[in-house]
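Got a new model open and wondering what the labels on it rest on? Let's go through a few of them together.

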Amino acid sequence: MTAMKWFYSFLKKHNRSMALGLVMVTVISVLAIVKPIVSGSIVDDVIIAGRYELLPKLIALLILITVLRGLLRYWSQVTFETCSQNVLYAMRDTVYRKLLQEDFDFYNKKRTGDLLSRQTGDMDAIRHFIAFVIYQVYENVFLFFFALIMIFTVKWTLALCMCAVLPFTLLVTLSQRKNGRPRFQKIREQFSSLNTFVQENISGNRVVKAFSKEDYEISKFNKENDGYRDAELAAAEIWTKYVPLFEFLSNMLTIILMLVGSIMVIQGAMTLGNYVTINGYLWMLTNPLRQIGWRINDIQRFTTSVEKIYATYSEEPKVKRPDKAIPCERLKGDVTFRNVSYSADDEEIIHNVSFTVKSGQTVGILGSTGSGKSTIMNLLCRFYDVTDGEVLVDGRNVKDLDLYNLRQNIGMAMQDVFLFSDTVEGNIAYSKPDCPFEEVQKAAVMADADSFIREMPDGYDTIVGERGVGLSGGQKQRISLARALLKEPSILILDDTTSAVDMETESYIQQQLNAIEHKCTNFVVAYRISSIKDSDLILVLNDGCIVEQGTHDELLANNGYYATVFRHQYGEFEKYVDELNTTTDRGGEAHGTK
Ligand code: ATP
Ligand code: MG
């Protein structure tokens, strides 16, 4: 499907309204043609022939035509505007749904500003096209050719002379189209780039301030701003060049009429009334000619925008929903990774990972930064698809399960916490917006978030800023955990979820997780041994491979990476406790001697 066909698939649903609007425009144009006939009649029949009784009738006809044209113009405008808004509504909705279907890979590579531009500026170019450009082009083409035909009927030889400008008009039109196209593409790219820059700078303004990089960012912004202005000026250069050419051609028509028409009237080949009639048609020829430059401008803005939107829309997600999905309303939560490998951009991130966990068990995942812990969790949720091997949930390949059902069964507190600018309650109840407040509170209690939420100015009704601004790192993590718990998932994934909370809180949360009433398989990704040491299975990752796996005791006995990390963390802790005891003893002695 081409971009234009895709656009038409939206417009064709409003074919009838558009046709009705165009019929009204046709009537408006035809009525405009009556005016010169009446003017000619006033000259020939009333002024020259002296039939004065005709004058009131002709004036009444003119008033009637004027009123009718006004009314039809109003209705046609309402029709086109309504159609444009309806098409835009459907198109925005379709594009947005598609954006939601896109996978992580799509969002990793796309700039948010680009996607925003597609849904705003580009959509507006389409609205303008439907609400204004279509009927303007139709009306002008109609008026031009209708006027030409009428002039032919009045005096075909004069009409033929006037046609001399047509080949030149065609040539100039084609030339403007050819030269303008790349410049309009450049405008859209610069607009996206400017949007992306502003969006990133506003989201990242805290980093800008922290590094005192305001001046640097302003100079970068100026570059983007210059780029956009230059792109607009480059496009303007086209129409500023071509609009005078069209103006020239339209003036040529006037000159031809005056020259050839006057000669004909002087020679008696045409009446003065005919001359006045043709003169009355003249604006119907010159006006469209003058507007060609502007309309080509509008059309090119429109086609570029449709192409841009369609290019984004037509990108298919790599993670696909199966054609015939196995129904899986409630999963048990058995998970098996069988020889799983995953590569992105020709780089292997996960290599031959295999493990099995039964429903209700807890898996701890430990490993250095960048070792692939989050990627393994992403593969389980099918945010990415494995490049080799298979991920099984309840013995079935996740690729065969319904994608949404699979994810509905998984509660994930992501490493990079994202909260919506909504109330705390709204954020926690994201998966179940209609659930009773008691459930929200229960989840918050389990995540040890209830007490600090209640201390907030409006408690659960407190609005958290964009991305949870106004909350501490640990508070955001606990709200995110409560959000995952409220789902009552079969598989719960905590990716570094308690890294920003103190040990005491972490221990409380662990107790709460152990007391979950329904059977739930837990995946706990953490750096702290304390977070995972009681797990049924601990996976130690290095460079995308499982280097050790087993229980805490088995891994200690193994005396590998895990045991080293354990000694680092607990050794230092015991050393710290020893030092603390020694200092306290000394302090006590000192106190005692005083
Ligand atoms: P951390 O403890 O810092 O969270 P991690 O163990 O969770 O690290 P991952 O996020 O799984 O690490 O990333 C593992 C490696 O894969 C990293 O080197 C990362 O740069 C790379 N990586 C992750 N996702 C992608 C992707 N979509 N495309 C390319 N490389 C990726
Ligand atoms: Mg990670």
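**What the labels rest on**

Q: Why is Gln 415 called partly exposed?
A: Its relative accessible area is 40%. Buried means under 20%, exposed over 50%, and partly exposed is what lies in between (1.4 Å probe, protein chains only), so Gln 415 counts as partly exposed. A quick note: this is a predicted model, where local features need pLDDT of at least 70, side-chain atom pairs count only at pLDDT 80 or more, and totals for chains, interfaces and linings use all residues. Side-chain values use heavy atoms, without hydrogens and water, while residues are numbered from 1 along each chain as its sequence is written, with chains lettered from A and ligands numbered from 1 in written order.

Q: What makes Gln 415 a donor of the magnesium ion (ligand 2)?
A: Donors are N, O and S atoms within 2.8 Å of the metal (3.2 Å for Na, K and Ca); water is not among the atoms, so sites may look incomplete. The protein donors here, Ser 374 (OG) and Gln 415 (OE1), lie 2.0 to 2.2 Å from the ion, and that fits. Ser 374 is in helix H12 and Gln 415 in the loop between strand S6 (410-413) and helix H14 (424-428), 41 residues apart.

Q: Why is Ser 374 called partly exposed?
A: With 22% relative accessibility, Ser 374 counts as partly exposed.

Q: What makes the link between Thr 564 and Gly 560 a polar contact?
A: The side chain of Thr 564 comes to 2.8 Å from the backbone oxygen of Gly 560. A polar contact is a pair of N or O atoms within 3.5 Å; within protein, one must be able to donate a hydrogen and the other to accept it, and residues adjacent in sequence count only if both atoms are side-chain atoms.

Note on methods. Helix = DSSP H or I, 4+ residues; strand = E, 2+ residues; numbered from the N terminus.
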